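This briefing introduces a structure to a reader who has not met it before. The sequence and the three-dimensional model are shown first, and the points that follow are grouped by topic.

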Amino acid sequence: MLKVENLSKDFPVEFDVFGRPVKFLRAVQDVSFTVEENTVFSIVGESGSGKSTIARILCGIHKPTTGSIQFMGTALKGSGHREIQMVFQDPDSSLDPRKTVLFSIEEGLRIQKMGSKEERRKLVLEILKAVRLTEDVLSKYPHQLSGGQKQRVAIARCLVLRPKLLILDEPTSALDVSVQAQILNLLMELKREFALTYILITHDLKVVYHLSDHTMVMYLGQVMEMGETERIIQDPLHPYTKALVAAIPTAGTDNLNDFSLKGEIPSPLNPPKGCPFKTRCDFAFSKCDEKPPLIDFRGRKVRCHLYAEV
Ligand SMILES: Nc1ncnc2c1ncn2[C@@H]1O[C@H](COP(=O)(O)OP(=O)(O)OP(=O)(O)O)[C@@H](O)[C@H]1O
């Protein structure tokens with residue numbers, strides 16, 4: 001369904017007196033991955049690893065500096081695609097506080113000039129039912145809704161556009177713990193009901209383990225490890241992945257608990273030379289001053305000098 005090749009994004013961060021950029025921050029560096037139809041593809045990594053930047057590029061919010069994106073066989077260019085929609089972390093950021101729920105859900109349909117007024121109303125009611133909301137919310141404003149209800153409205157806003165690919169950027173982290181599981185369960189039901197494909201961006205490896213088929217682990221804009229989720233969580237290869245897995249509250253087994261993430265993530269404005277993870281890695285050795293390539297190893301991809309290409 002989706003094929004991303006050699007994607008990079010540089011943000012200008014310093015400008016000369018004429019306003020010309022003189023310094024860039026490399027938020028995403030040479031990232032390639034594919035997402036199969038009807039699967040869940042997770043992107044994990046600490047804050048600042050470039051996850052949201054990839055999501056924003058896929059939605060057309062940012063333009064990539066280099067690289068190409070193929071969606072259902074055609075090149076994605078410019079300002080987004082109706083069939084790719086994004087659910088943001090904070091529903092308040094996607095809902096206008098001055099507009100009713102009906103207005104918000106219908107907005108995309110009006111912009112896309114989809115259907116007559118009656119058809120739009122019918123579709124809104126159908127989607128409202130799918131996200132388990134009742135008709136009485138249509139006349140309400142966001143401040144009259146709970147966090148969970150607002151996220152359901154934000155999901156409905158995407159679903160009316162009949163997307164094929166939904167990008168979920170930390171879809172539950174702004175919600176109360178008690179509602180998080182409800183929204184995740186709803187998303188998995190909607191995936192079946194509407195034959196959706198998901199890209200799930202999250203810090204929560206437990207969620208990744210339970211919901212996703214494939215996982216990409218990112219660090220300072222680069223892919224560190226990528227492959228089937230079950231294998232990545234049960235047998236992480238990269239020292240960074242090992243540390244992330246060891247931090248999962250209930251999944252730690254004795255041998256994994258030997259690993260922990262020490263120190264702070266370096267500034268992306270001044271990343272370490274060679275392997276970006278070497279400053280926090282228990283296994284770092286002289287070779288790590290050279291950047292390791294992303295290699296195929298035991299049925300997945302890993303970027304670490306501990307593993308030799310086979
Ligand atoms: N518009 C921008 N201008 C300059 N730098 C940016 C911009 N957007 C993101 N960045 C920087 O790019 C890097 C990657 O950010 P990004 O938001 O993609 O990371 P993330 O992994 O999604 O983190 P988080 O979980 O905090 O959202 C960060 O260092 C961030 O400060």
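The model is predicted. A ligand is surrounded by 13 residues, of which Phe11, Ala27, Ser47, Ser52 and Thr53 come nearest. Two or more residues of this shell are given by each of β1 (2–15), β2 (21–35) and α1 (51–58). The points below begin with the ligand shell and then turn to the overall form of the chain, its strands and two loop residues.

**The shell around the ligand**

- Helix α1 supplies three residues, the largest share of the shell.
- By residue class, the shell divides into five nonpolar, seven polar and one charged.
- Eight of the eight residues of α1 are buried, so this helix is largely enclosed by the rest of the structure.
- The buried residues of α1 are Lys51, Ser52, Thr53, Ile54, Ala55, Arg56, Ile57 and Leu58; Ser52 and Thr53 are also among the residues that come nearest to the ligand.
- After α1 comes glycine 60, which has a positive phi, near 85°.

**The chain as a whole**

- The protein chain contains nine helices and twelve strands.
- Its radius of gyration is 21 Å, close to the 19 Å that the globule rule gives for 310 residues, so the chain is as compact as a globular protein of that length.
- The C-alpha trace spans about 65 × 55 × 35 Å along its principal axes.
- Buried residues account for 40% of the 310 residues in the protein chain.
- Of the contacts between residues at least 6 apart in sequence, 63% join residues at least 24 apart.

**The open antiparallel sheet**

- An open sheet is formed by four strands in the order β2-β1-β4-β5, with antiparallel pairing.
- Strands β2 and β5 (74–75) lie at the edges of this sheet, each pairing on one side only.
- Strands β1 and β2 run antiparallel and are joined by ten bridges.
- Within this pairing, leucine 2 stands opposite valine 35 in β2.
- Both β1 and β2 also give two or more residues to the shell around the ligand.

**Strand β8 and its parallel partners**

- Five of the five residues of strand β8 (residues 197–201) are buried, so this strand is largely enclosed by the rest of the structure.
- In a regular strand the side chains alternate between the two faces of the sheet.
- In β8, Thr197, Ile199 and Ile201 point one way, whereas Tyr198 and Leu200 point the other way, and all are buried.
- Strand β3 (residues 40–44) runs parallel to β8 and is joined to it by four bridges; phenylalanine 41 stands opposite isoleucine 199 in β8.
- Strand β7 (residues 165–169) also runs parallel to β8, with five bridges between them; here leucine 168 stands opposite leucine 200 in β8.
- A right-handed β-α-β unit is made by β7, helix α6 (residues 177–193) and β8.

**Strand β6**

- Strand β6 (residues 84–87) is covered on both faces, with Ile84 and Met86 buried on one side and Gln85 and Val87 buried on the other.
- Four bridges connect β6 with β7, and the two strands run parallel.
- Isoleucine 84 has leucine 165 in β7 as its bridge partner.

**Two loop residues**

- Valine 17 is located in the loop between β1 and β2.
- Is valine 17 buried or exposed? Valine 17 counts as exposed, because it has 5 C-beta neighbours inside 10 Å.
- Valine 17 and arginine 231 are 214 residues apart along the chain, and their C-alpha atoms are separated by 51 Å.
- Glycine 274 is located in the loop between α9 (239–246) and β11 (295–297).
- Glycine 274 is partly exposed, with 17 other C-beta atoms within 10 Å.
- Which residues does glycine 274 touch, not counting residues up to four places away in sequence? They are Cys288, Asp289, Glu290 and Lys291.
- The C-alpha atoms of glycine 274 and glycine 221 are separated by 14 Å, and the two residues are 53 residues apart along the chain.

Methods:
Residues are numbered from 1 along each chain as its sequence is written. This is a predicted model: local features need pLDDT of at least 70, side-chain atom pairs count only at pLDDT 80 or more; totals for chains, interfaces and linings use all residues. The radius of gyration is taken over C-alpha atoms; the globule rule is 2.2 Å times the number of residues to the power 0.38. A residue is buried if 20 or more other C-beta atoms lie within 10 Å of its own, exposed if 12 or fewer, and partly exposed in between; C-beta atoms are placed from the backbone. Two residues are in contact if their C-beta atoms, placed from the backbone, lie within 7 Å. A residue is near a molecule or strand if its C-beta atom, placed from the backbone, lies within 6 Å of it. Ala, Val, Leu, Ile, Met, Phe, Trp, Tyr, Cys and Pro count as nonpolar, Asp, Glu, Lys and Arg as charged, and the others, Gly among them, as polar. Two strands pair if DSSP finds at least two bridges between them. A crossover is right-handed if, with the strands pointing away from the viewer, the path from the first strand over the helix to the second runs clockwise.
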